[in-house]
Amino acid sequence: MLFLAVFCGFLAEYQLEHVVEHNREKEYIESMVNDLKTDSIRVAGVIDYNNRLVSGFDSLLQNIYHTPYTDSSIRTLYYLKETYTLVKHNLIFSKGTIIQLKNSGSLRLIRKRAVADSIIKYDINSERVESQGEGVDFAGKKLLDLSVKVFDGENVLDYNSSSNYKEILNSTKKFTLLTNDEKLIKEYANLAKFKKDVIINYIRQLTNLESRIPAIIQFLKKEYHLK
């Protein structure tokens, strides 16, 4: 009788542990779905912002190659440089759930292999997007390093925020470049083109990821009967 009581107690404890783990599993999936929904909103915003950057770089390149420069075209170059080349908007993913699953060893709680695989694959794809975002930052730094040899920062001391950059276009102040060296200016244009291309690739990866998120959410909801 004592053995039977101990055995039954063991079974009850074992069953309780499984119930607790299954509840935690579902909680993780619900949290993952919420993270994915947040990422979906953020991805759309970052894509929109970077598309505007690409348009700005197109204008910058067109004006750089349109010579000889006039007072008006130089002011336009300063406006475009300040507005589009010094900013960035990279995606910050909602990694709270994935980090918990990986660092605590809780991935083992995800009993369904296809579900675990979908989470891991999303994590890998998001890391690739983050890596491309770092590439955008690298290209931006290279462009900034050269811009200080082409543009005179003193000309824009009074324009320190995007809210008043447009005032540059209407300024009566004479704007000048630091150099007339065509080779140096073309090198700057090449770097601007490089950054534009990196941003385009970043947008492409973001768009690809954005298209996958709804299907992942739907799959997780279906597998765990979530609303």
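How do the residues of the lining of the largest cavity divide into nonpolar, polar and charged? Keep that one in mind for a minute while I show you around.

Okay, hi everyone. What you have on the screen is a predicted model. The chain has 227 residues, and 40% of them count as buried. For secondary structure we get five helices and zero strands, so to speak a plain α-α-α-α-α as you read along the sequence. Among contacts between residues at least 6 apart in sequence, 86% join residues at least 24 apart. On the outside, the chain exposes about 13,600 Å², with carbon and sulfur atoms supplying 55% of that.

Now, the holes. Rolling a probe the size of a water molecule over the atoms shows where empty space is left. Here we count two cavities of 30 Å³ or more. The largest holds about 40 Å³ of space, and its lining is Ile64, Tyr69, Leu77, Val150, Phe151, Leu177, Ile185 and Tyr188. Back to my opening, then: that lining has eight nonpolar residues, no polar ones and no charged ones.

The second largest cavity also comes out at about 40 Å³. Its lining is a mix of four nonpolar, two polar and three charged residues. Among them are Met32, Asp35, Asp39, Lys95 and Tyr122. Helix H1 (2-65) and helix H4 (113-147) are the elements that give two or more residues to this lining, and H1 has the largest share, with three.

Lys95 turns up again in the salt bridges. Lys95, Lys102, Asp123 and Glu127 are linked in a network of them, and the whole structure has twelve salt bridges.

Let me pick out a few. In helix H1, Arg52 and Asp48 sit four residues apart, about one turn of the helix, and they form a salt bridge with the closest N and O atoms 3.1 Å apart. Both partners are partly exposed, Arg52 at 47% relative accessible area and Asp48 at 43%.

Helix H4 has a pair with that kind of spacing: Arg113 and Asp117 are four residues apart, bridged at 3.2 Å. Arg113 is exposed, at 64%, while Asp117 is partly exposed, at 36%.

And which parts does the bridge between Glu223 and Lys112 tie together? The two side chains meet at 3.4 Å, N to O. Glu223 lies in helix H5 (residues 182-224) and Lys112 in the loop between helix H3 (96-103) and H4, so the pair ties together parts 111 residues apart in sequence. Glu223 is partly exposed at 25%, and Lys112 is too, at 28%.

That's my tour, thanks!

Notes:
Residues are numbered from 1 along each chain as its sequence is written. This is a predicted model: local features need pLDDT of at least 70, side-chain atom pairs count only at pLDDT 80 or more; totals for chains, interfaces and linings use all residues. Side-chain values use heavy atoms; hydrogens and water are left out. On a 1 Å grid over the protein atoms alone, a cavity is a set of points where a 1.4 Å probe fits but cannot get out, and a pocket is an open set with protein on both sides within 12 Å along at least five of seven lines; lining residues have an atom within 4 Å of a point. Grid points are joined across faces, edges and corners, and a volume is the space filled by probe spheres set on the points. Ala, Val, Leu, Ile, Met, Phe, Trp, Tyr, Cys and Pro count as nonpolar, Asp, Glu, Lys and Arg as charged, and the others, Gly among them, as polar. Buried means under 20% relative accessible area, exposed over 50%, partly exposed in between (1.4 Å probe, protein chains only). Contact means heavy atoms within 4.5 Å. Accessible areas come from the Shrake-Rupley method with a 1.4 Å probe; for residues, only the protein chains shown count as cover. A salt bridge is a side-chain nitrogen of Lys or Arg within 4 Å of a carboxyl oxygen of Asp or Glu.
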